[in-house]
Amino acid sequence: MQPVSRPGTSAVDRSASRREFLGAAGQAAAVTGAATLFSGWAIPHVHAAGTDEIRVALIGCGGRGGGAAVDALSVPGAPIKVVAMADVFRDRTDIVKRSLGEQFKERVDVPEERTFIGFDGYKQAIDCLRPGDIALCATPPAFRAPHFAYAIEKGVHTFMEKPVSIDGPSTKRIIELAAKATEKNLKVGVGLMCRHCDRRAELLERLRNGEAGELLSFYGYREHNPPHNLDLAPGPQGMDELLWQIKRFHNFLWASGGIFSDYCVHHIDEVCWMKGGWPVEAVAIGARQLRGKIDDQNFDNYGIEYTFEDGAKFFYTCQVMKDCDSKFGLWGQGSKAAFAISTSGHSPARCAIFKDQRVSKDNVAWAAEQPEPNPYRREWEHLVAAIIADEPYNEAVRGAQASLVTAMGRFAAHTGKKITYDEMLNCPDDLTAGVDSLTEGSAAPLVADSEGRYPVPMPGKYKYEYRS
Ligand SMILES: NC(=O)c1ccc[n+]([C@@H]2O[C@H](COP(=O)([O-])OP(=O)(O)OC[C@H]3O[C@@H](n4cnc5c(N)ncnc54)[C@H](O)[C@@H]3O)[C@@H](O)[C@H]2O)c1
């Protein structure tokens, strides 16, 4: 999880000029294709009101929402200001407002009248924006589609965190909304920041140039101690159950797609980027060995075999268990050589191509230059460059596809059945049905039985993950 304030990376260069911004944006544009529009130094006025300020409404003021706001405000020289916040918990807006205010002072102007608490808060926050501003959506993924829909309706650009969808129906909703955003010439960034990593981009270019030969297989791991408690005990204890489930969104499939969707989407997306396609099917196993007092809806380990159209494989394991070995990384094997895509964390990636199939420090043919630009910053530089240059920029379909193929792995493990891309996309089980009409006091989407237990996936038992 990215904290609100990250020592060493949160400082903004307040003296950065727009000239510097355009310099940085020009580099970004080289990646996004926007370079041709940066022919002069003046930032075009992007608002009818005649100001070049880009306002941001932060929706979901948690760890990542605060971190993404820091990243937005850190785009060198960009005329960005945070003007509104929305959350379902007051303390979250207070914390993020204070933290951002300390770091960015007058560029965070969120008075009480532009602070909105509750399920409708996102609408009120977006209503504070003008066409051309940015809705920054960082709630749990269950709410992504309705929040994105309202941003589009109001003519504002969107940055939304991953995963953007968690099943077939929510993926279709995002894909349909993406088309509407494009029709309205709105820019959409998705928080799959590894796609904005300069070193991974260089690795991709080298792979495309054949340095590893034909890409045959990929493998990766995300195995660590639980950063979130997987035991729901002692339960809501008098707290509003809906809000309690939202607070513990990693534990409930409707809210997040669970830990697999939430944690693994980056790695799965990175492989698909390198491979240049989406897997056509997935088979998987998974289990829950450690029982809590009240089990959540996650397994504590997953093992997926994805198959691409040309038969290439991607083997991936995710384990979230206490006191076991940790492993985090992503590698591939080409017909000539092995390569590393992500090692030890999302950033730095420390990409490499080896001399042959031996993955070893003494066998490196090419290693990515260090240090590496921060991809969380780069994704914002690219989005803002596209907004200012008014270049086409819409990552929503790609983000939805990455989210869908991640859901394929989870679904295959939870059901114990093979699933194809098309079957997942057309699977009617709608985990987020009705979330757009939730209000304070609504029943939670998942109901516990009379003994306080929630329905859990049981491979082979149900048509869908925990229900038929
Ligand atoms: N790109 C990355 O590397 C990265 C890292 C961490 C998290 N994320 C993603 O960011 C999202 C948020 O994760 P987080 O770790 O910040 O969680 P969090 O719990 O810290 O923050 C979520 C915030 O959203 C608020 N919220 C929930 N429902 C809401 C609603 N309907 N309206 C308004 N506010 C609402 C919560 O109260 C909370 O403050 C997730 O989708 C997660 O996968 C991405």
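Which strands does helix H3 lie across, and at about what angle does it run to E2?

The model is predicted: local features need pLDDT of at least 70, side-chain atom pairs count only at pLDDT 80 or more, and totals for chains, interfaces and linings use all residues. Residues are numbered from 1 along each chain as its sequence is written.

**Exercise 1. Place helix H3 and helix H5 on their sheet.**

Step 1. Fix the terms. Helices (H or I, at least four residues) and strands (E, at least two) are DSSP runs, numbered from the N terminus. Two residues are in contact if their C-beta atoms, placed from the backbone, lie within 7 Å. Axes are lines fitted to C-alpha atoms, for helices over the stretch in contact, and angles run from 0 to 180 degrees between N-to-C directions.

Step 2. Read off H3. Helix H3 (residues 90–104) lies across E1, E2 and E3, and runs at about 165° to E2.

Step 3. Add H5. Helix H5 (residues 144–153) packs on the sheet and touches E1, strand E4 (134–137) and strand E5 (157–160). The direction of H5 makes about 175° with that of E4.

**Exercise 2. Give the strand order of the sheet that holds E2, and follow the chain through it.**

Step 1. Write the order. Two strands pair if DSSP finds at least two bridges between them. The open sheet has 6 strands in the order E3-E2-E1-E4-E5-E6, with parallel pairing.

Step 2. Find the edges. Strand E3 (115–117) and strand E6 (188–190) each have a single partner strand, so one side of each is left without a neighbour in the sheet. On average, neighbouring strands of this sheet are turned by 20° against each other, direction ignored.

Step 3. Check the partners of E2. Strand E1 (residues 54–59) pairs with E2 in the parallel sense over 6 bridges. Within this pair, Arg55 stands opposite Lys81, and Ala57 stands opposite Ala84. On its E3 side, E2 pairs in the parallel sense over 3 bridges, where Met85 has Thr115 as its bridge partner.

Step 4. Judge how covered E2 is. A residue is buried if 20 or more other C-beta atoms lie within 10 Å of its own, exposed if 12 or fewer, and partly exposed in between, with C-beta atoms placed from the backbone. By this count, 7 of the 8 residues of E2 are buried.

Step 5. Trace the crossovers. The β-α-β path from E1 through H2 to E2 is right-handed, and E2, H3 and E3 also make a right-handed unit. Right-handed means that, with the strands pointing away from the viewer, the path from the first strand over the helix to the second runs clockwise.

**Exercise 3. Describe the shell around the ligand.**

Step 1. Count. A residue belongs to the shell if its C-beta atom, placed from the backbone, lies within 6 Å of the molecule. There are 28 residues around the ligand, the closest being Gly60, Gly62, Arg64, Arg92 and Glu161.

Step 2. Assign elements. Helix H2 (63–73), strand E2 (80–87) and helix H4 (121–127) each give two or more residues; H2 gives the most, with 3 residues.

Step 3. Sort by type. The shell divides into 14 nonpolar, 8 polar and 6 charged residues. Here Ala, Val, Leu, Ile, Met, Phe, Trp, Tyr, Cys and Pro count as nonpolar, Asp, Glu, Lys and Arg as charged, and the others, Gly among them, as polar.

**Exercise 4. Contrast Cys264 and Ser344, starting from the second sheet.**

Step 1. Lay out the sheet. An open sheet of 9 strands has the order E14-E13-E12-E11-E7-E10-E9-E8-E15, and its pairing is mixed. Strand E14 (364–367) and strand E15 (419–420) are the edge strands. Strand E7 (residues 215–224) and strand E10 (residues 313–320) pair in the parallel sense over 8 bridges, with Cys318 in E10 as the bridge partner of Arg222.

Step 2. Take Cys264. This residue lies in helix H10 (residues 258–275) and is buried, because 23 other C-beta atoms lie within 10 Å. Beyond its neighbours within four places in sequence, Cys264 is in contact with residues including Arg222 and Cys318.

Step 3. Take Ser344. This residue lies in the loop between strand E12 (338–343) and strand E13 (352–354) and is partly exposed, because 13 other C-beta atoms lie within 10 Å. Ser344 and Arg222 are 122 residues apart in sequence, yet 9.5 Å apart in space, C-alpha to C-alpha.
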